[in-house]
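Reader: I am new to this structure. Please take me closely through one part of it, the sheet and what surrounds it.

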Amino acid sequence: MTLTIQLIFWICTSAVVFAYVGYPLVIRICAGLFGKFTAPGDIESSEDLPTVSLLIAAYNEEDCIEARLQNALSLDYPAEKLEIVIGSDGSDDRTAEIVNSFDDERIRLFDYRERRGKSAVLNATVSELKGEIIVFSDANTNYQPDAIRKLVRWFQNPGIGAVCGRLVLTDPETGQNVDSMYWRYETFIKKCEGKLGALLGANGAIYALPKKYFVPIPSNTIVDDFVIPLLAKLTHRFHIVYDPEATASEESPAAIGSEFRRRSRIGAGAYQSISSLWGLLNPRHGWTAFSFLFHKLLRWSVPFLMLAAVVSNLCLIDQTLYQVTFGLQLAFYISSLVGAYVRGRSLPVRLLRLATMFSSMNAALFVGFWRWLLKEQRGTWQRTARQDSPSHV
């Protein structure tokens, strides 16, 4: 029995380490050995640019929708080839009124009076779009002027079916880039997976997909920006690429705590998505199957592996080695708690906050699992609290 418990402890601990340390190293090596450099196409004339529909699903975004539309109207893209579409999901504030106040034929509003959820709004609106390319975005996102030009150039390559841009997090007070260590870590993995043609999903703030490739998703889908590109990839067998030059920005959340509800919702959506995307595990999908297994499925099992490691460690606490390992685990979780309250940008503080990020993210995944299992998480969404606006509960 003791040997079995020891095996459980070391397997669970090793799996957690591999998920967050081993996999990035492996995917980096594989990208270096087997990755291919894919260059974007070169669109010489504006006349050759495809028509684009910038699609923004919104719920009670009166605080930021005006700035979002002004940003969209200022993009460096031919006016006759760009439409800006807002799908309002039962907003009961001034969102629709503000959108209608813009006297520009490029802007279209689909004001769905009954709240149905973001995925249902996207399904209903996509069929009404005029553009050859759909660029999906959020209401609180700002694009660099050339962002859409950067995205659409990739579709000159017939093997490319979706393009994910780069999202930069900014401080709401200074406007400076405040990308966290974890954010840069995830971006690094995206770049490596992109070289292998194994990029998984996209960032809902900035990604593009030809309208012909869009596959309607279940109306209760929670993480649409993950499911939409991967379900399309599963259906049409294309590559998803990451373009760090196609840049958008969003304000960082006011505090780590304000993110917990959003992360648990995303966690519920992650577990929910398996039923739609399990086909990606088929070995015929090559590196995508590898990445889906170890970057996603293994990651989503980490909360349970961490719990099993603690419980099995406690069962072995009478042995010196396992007293040490339990002490290390305890120290890590205490550091995570401290990191939630300390301020500053020094390296020790950033490491503490990284521990906090790791623990809170996996705690949110754990909560999300139960919300998914008990069917408590719906497809509708709430706005994440920002420093300049209250949370809508």
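Author: Strands β1 and β2 run parallel, and seven bridges join them. This is a predicted model. One of the pairs is easy to find: Ala57 has its bridge partner in β2, and that partner is Gly87. Gly87 also has a partner in β3, namely Phe110. Follow that link outward. β2 covers residues 82-89, β3 covers residues 107-112, and the two are parallel, with six bridges between them. Between β2 and β3 the chain passes through helix α3, residues 95-100. This β-α-β crossover is right-handed.

Now step back to the whole sheet. It is open and has eight strands. Their order is β3-β2-β1-β4-β7-β6-β8-β5, and the pairing is mixed. What stands at the edges? β3 and β5 (142-143) do. Each has a single partner strand, so one side of each lacks a neighbour in the sheet.

Helices pack on this sheet. Take α2 (residues 65-73): it touches β1, β2, β3, β4 and β5. The direction of α2 makes about 165° with that of β2. Helix α4 packs on the sheet too, touching β1, β2, β3 and β4. Its direction makes about 150° with that of β1.

A small group of these elements also borders an enclosed space. The structure holds one cavity of 30 Å³ or more. The volume of the largest cavity is about 40 Å³. Its lining includes Ala57, the residue that is bridged to Gly87 in β2. Leu55, Lys118, Leu122, Phe136, Ser137, Gly204, Tyr207 and Asp224 line the cavity as well. β1 (52-58), α4 (118-126) and β4 (133-137) each supply at least two of the lining residues. By class, the lining has five nonpolar, two polar and two charged residues.

For contrast, look at an open space. The second largest pocket has a volume of about 630 Å³. It is lined by 22 residues, and Val16, Val17, Met306, Phe332 and Phe358 are the closest to its centre. Helices α1 (2-34), α6 (181-195), α9 (287-315), α10 (320-339) and α11 (347-373) each give two or more residues to this lining. α1 gives the most, with seven. The pocket lining has 19 nonpolar residues, three polar ones and no charged ones. The lining of the largest cavity, as noted, has two charged residues.

Methods. Residues numbered from 1 in each chain as written. Predicted model: local features only at pLDDT ≥ 70, side-chain atom pairs only at ≥ 80, totals over all residues. Heavy atoms only, no water. 1 Å grid on protein atoms, 1.4 Å probe; cavity = no way out; pocket = protein on both sides within 12 Å on 5 of 7 lines; lining within 4 Å. Points joined across faces, edges and corners; volume = space filled by probe spheres on them. Helix = DSSP H or I, 4+ residues; strand = E, 2+ residues; numbered from the N terminus. Nonpolar A, V, L, I, M, F, W, Y, C, P; charged D, E, K, R; others polar. Pairing = 2+ DSSP bridges. Right-handed = clockwise from strand over helix to strand, strands pointing away. Contact = heavy atoms within 4.5 Å. Axes fitted to C-alpha atoms, helices over the stretch in contact; angles between N-to-C directions.
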